[in-house]
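Please open the structure in your viewer and keep the selection tool at hand. The stops below are meant to be followed in order, with a pause at each one to look around.

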Amino acid sequence: AVVPLKPSLALVKYKNIDRLYFRLLKLDPEKDQKLNMKSQDEVVAYYLGLQVVQSWNTSLPSDSDFQSHSTEVIIPSIPSGYYILLASSDEKFTSKSQLAYSRFWSTSLSVINKHNSNGENEVYVLGRFGGQPLSKVKVQSFTREYDYKSREYKEVAGKAYYSDKSGY
């Protein structure tokens, strides 16, 4: 997750590339969850058809040594929401291009999730900037179960809870 309305950094690992092109897409997280069940090619084709929120490119340090390298690149400031970041060495982003993508949130919430001694999950919802507990935040768990008859994953929603004054 990144902080809303502030630039952030993304780690990029690359080999033999001197320029990288980026496209930022905004997507409904539930729609993207359903895409997770599809093939990589279908997911990429869908992403390439979405409206681009922002695009930019950056030059990468080049040693011309055919080794893997990594660097951090700046993601421009974005409002709260769920995003997909596409990266390619080809500025046209065709279906034949080498593409990488990453899903992430821009949010002012922070969550601590831990297992208690009974094996149950405990969740605390905090403000991302000061760590203050947040009350009245709806928290709901989801699990994915594989249905062997239909050969598909089914999403199962757990009970929804609201955080108390300590963020629990």
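This tour of a predicted model goes from a strand to two pockets and then to the salt bridges.

**Stop one: strand S1**

Begin by selecting strand S1, residues 8-14, and show its side chains, which alternate along the strand. Ser8, Ala10, Val12 and Tyr14 point to one face and are buried, while Leu9, Leu11 and Lys13 point to the other face and are not buried. Next add strand S4, residues 69-75, which pairs with S1 in the antiparallel sense over seven bridges. If you pick out Lys13 once more, you can look across to Ser70, its bridge partner in S4.

**Stop two: the second largest pocket**

Stay with Val12 and turn to the second largest pocket, which has a volume of about 350 Å³. Of the 21 residues that line this pocket, Val12, Leu20, Phe22, Ala87 and Ala100 are the closest to its centre. Strands S1, S2 (19-26) and S5 (81-88), together with S6, each supply at least two residues of this lining. Colouring the lining by class would show 16 nonpolar, four polar and one charged residues.

**Stop three: the largest pocket**

Now move to the largest pocket, whose volume is about 1200 Å³. Select Lys138, Val139, Gln140, Ser141 and Phe142, which lie nearest the centre of this pocket among the 34 residues that line it. Helix H1 (29-35) and strands S6 (99-106), S7 (109-115), S8 (121-127), S9 (138-147) and S10 (152-162) each supply at least two residues of the lining. By class, the lining of the largest pocket divides into 15 nonpolar, nine polar and ten charged residues.

**Stop four: the salt bridges**

How many salt bridges does a search of the whole structure find? The search finds two, and both can be visited in turn.

For one of them, select Asp32 and Arg103, whose closest N and O atoms are 2.7 Å apart. Asp32 lies in helix H1 and Arg103 in strand S6, so this pair ties together parts that are 71 residues apart in sequence. Asp32 is buried, with a relative accessible area of 1%, whereas Arg103 is partly exposed, with a relative accessible area of 29%.

For the other, select Glu122 and Lys114, which form a salt bridge with their closest N and O atoms 3.8 Å apart. Is Glu122 buried or exposed? At 14% relative accessibility Glu122 counts as buried, while Lys114, at 42%, counts as partly exposed.

Key. Residues numbered from 1 in each chain as written. Predicted model: local features only at pLDDT ≥ 70, side-chain atom pairs only at ≥ 80, totals over all residues. Heavy atoms only, no water. 1 Å grid on protein atoms, 1.4 Å probe; cavity = no way out; pocket = protein on both sides within 12 Å on 5 of 7 lines; lining within 4 Å. Points joined across faces, edges and corners; volume = space filled by probe spheres on them. Helix = DSSP H or I, 4+ residues; strand = E, 2+ residues; numbered from the N terminus. Nonpolar A, V, L, I, M, F, W, Y, C, P; charged D, E, K, R; others polar. Buried < 20%, exposed > 50% of the residue type's maximum accessible area, 1.4 Å probe, protein only. Pairing = 2+ DSSP bridges. Salt bridge = Lys/Arg side-chain N within 4 Å of Asp/Glu carboxyl O.
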